[in-house]
Amino acid sequence: MPFAKAQPGKELLNANDHTLIMIDHQSQMSFATKSIDINVLRNNAALVAKAAREFKVPTILTTVAAKSFSGPIFDEIQSVFPEQQPIDRTSMNTWEDQRIADRVNEIGRGRIVLAGLWTSVCIVGPALSALDQGFEVYVIADASGDVSDEAHERAMQRMIQAGAKPITSLQYLLELQRDWARSETYDETVATSIAHGGGYGLGLIYAKSMFNASEGH
């Protein structure tokens, strides 16, 4: 019989084991995105960026043809990392840009978390490439999008079949927090959840306003 231990499973992400890469969250890419509402996408991208900043996850921002065609990265992301200049590429596959590979190697973590536009091109490319080179890959499905539901879903299926693990934006934040007794990140996790967590965030506002509730007790 298995023996239960009060410790997290190895499949769970933590702040010290992965690199986040946010790819091509840009105006021109979003114009044709139909698999997710653009306001939801922007909200979820902000949530992911804030989670990474809060937990000090090394984060790579990258764009494609930002000045000549696709426009700047969403301000919801850039404002969270104001000091970071996104790496601007010509390649559709982020992983084929040597600067990205160099940065991943410099960070030195075996897990890669991806989010971006479009799922079937700009996320499939690096996901399959990273898996092929021995990295574990997680894809934030609701901080990514594509030109149709079909395109997004087939891309997610293809990556999952290859070994990638799908997650969501709020799941990403709460998986990093994982224990409400972690006081050093509690306040910011709650603030991000309230700002970007939809109904869950409204629930936090209600509970704290009406009952002075606290998850850590």
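Colleague: Where does W118 lie?
Modeller: This is a predicted model, and the answer comes from its assigned elements. Strand β4 covers residues 111-116, and helix α6 covers residues 119-132. W118 belongs to neither element; its place is the loop between β4 and α6.

Colleague: Which residue does a cis peptide bond join to W118, and what is omega?
Modeller: Most peptide bonds are trans. The bond joining L117 to W118 is cis. The partner and the angle are therefore L117 and an omega of about -15°.

Colleague: How many of the 14 residues of α6 are buried?
Modeller: The buried residues of α6 include T119, C122, I123, V124, G125 and P126. A127, S129, A130 and L131 are buried in α6 as well. Helix α6 is largely enclosed by the rest of the structure, because the buried count is 10 of the 14.

Colleague: Which elements do the buried residues of α6 pack against?
Modeller: Three of the partners are strands: β1 (18-23), β4 and β5 (136-140). The others are helices, so the list is completed by α1 (27-31) and α7.

Colleague: Are α6 and α7 roughly parallel or roughly antiparallel?
Modeller: Helix α7 spans residues 149-162, and its axis comes within 10 Å of that of α6. The two axes cross at roughly 5°. Angles under 35 degrees count as roughly parallel, so the arrangement of α6 and α7 is roughly parallel.

Colleague: How do the residues of the contact of α6 with α7 divide into nonpolar, polar and charged?
Modeller: Helix α6 contributes T119, S120, I123, V124, A127, L128 and L131. Helix α7 contributes A151, H152, A155, M156, R158, M159 and A162. The residues of this contact divide into 10 nonpolar, three polar and one charged.

Colleague: What is phi of the glycine that follows α6?
Modeller: The glycine after α6 is G134. Its phi is positive, near 95°.

Colleague: What distance does α9 reach from its first C-alpha to its last?
Modeller: Helix α9 covers residues 183-196, which is 14 residues. At 1.5 Å a residue, 20 Å is expected. The distance in the model is close to that, at 20 Å.

Colleague: What arc do the buried residues of α9 cover around the axis?
Modeller: The buried residues of α9 are T185, Y186, T189, V190, T192, S193 and H196. They sit on the same side of α9, because their arc around the axis is only 165°.

Colleague: Which exposed residues does the face of α9 turned away from its buried side carry?
Modeller: The buried side of α9 packs against α2 (38-54), α8 (169-177) and α10 (198-211). The face turned away from that side carries the exposed residues S183 and D187.

Colleague: Is V190 buried or exposed?
Modeller: V190 lies in helix α9. Its C-alpha is separated by 9.4 Å from that of I205, 15 residues apart along the chain. The relative accessible area of V190 is 7%, and buried means under 20%, so V190 is buried.

Colleague: What arc do the buried residues of α5 cover?
Modeller: In helix α5 (residues 98-107), I100, A101, V104 and I107 are buried, with cover that includes β1, β2, β3 (87-89) and β4. On the other side of α5, Q98, N105 and E106 are exposed. The buried residues are on the same side of α5, because they cover an arc of only 130°.

Colleague: Is K56 buried or exposed?
Modeller: K56 is in the loop between α2 and β2 (59-64). Most residues other than glycine have a negative phi, but phi of K56 is positive, near 60°. At 68% relative accessibility, over the 50% cut-off, K56 is exposed.

Colleague: What is the relative accessible area of R178?
Modeller: R178 is in the loop between α8 and α9. It is not a glycine, yet it has a positive phi of about 60°. R178 counts as partly exposed because its relative accessible area is 32%.

Colleague: Leaving aside neighbours within four places in sequence, which residues is T59 in contact with?
Modeller: T59 is in strand β2 and counts as buried at 6% relative accessibility. I167 is 108 residues apart from T59 in sequence and 17 Å apart in space, C-alpha to C-alpha. With neighbours within four places left aside, the contacts of T59 are L20, M22, A52, F81 and Q84.

Technical notes:
Residues numbered from 1 in each chain as written. Predicted model: local features only at pLDDT ≥ 70, side-chain atom pairs only at ≥ 80, totals over all residues. Heavy atoms only, no water. Axes fitted to C-alpha atoms, helices over the stretch in contact; angles between N-to-C directions. Helix = DSSP H or I, 4+ residues; strand = E, 2+ residues; numbered from the N terminus. Parallel < 35°, antiparallel > 145°, perpendicular 65-115°, else oblique. Contact = heavy atoms within 4.5 Å. Nonpolar A, V, L, I, M, F, W, Y, C, P; charged D, E, K, R; others polar. Expected span 1.5 Å × (residues − 1). Buried < 20%, exposed > 50% of the residue type's maximum accessible area, 1.4 Å probe, protein only. Arc of directions from axis to C-beta.
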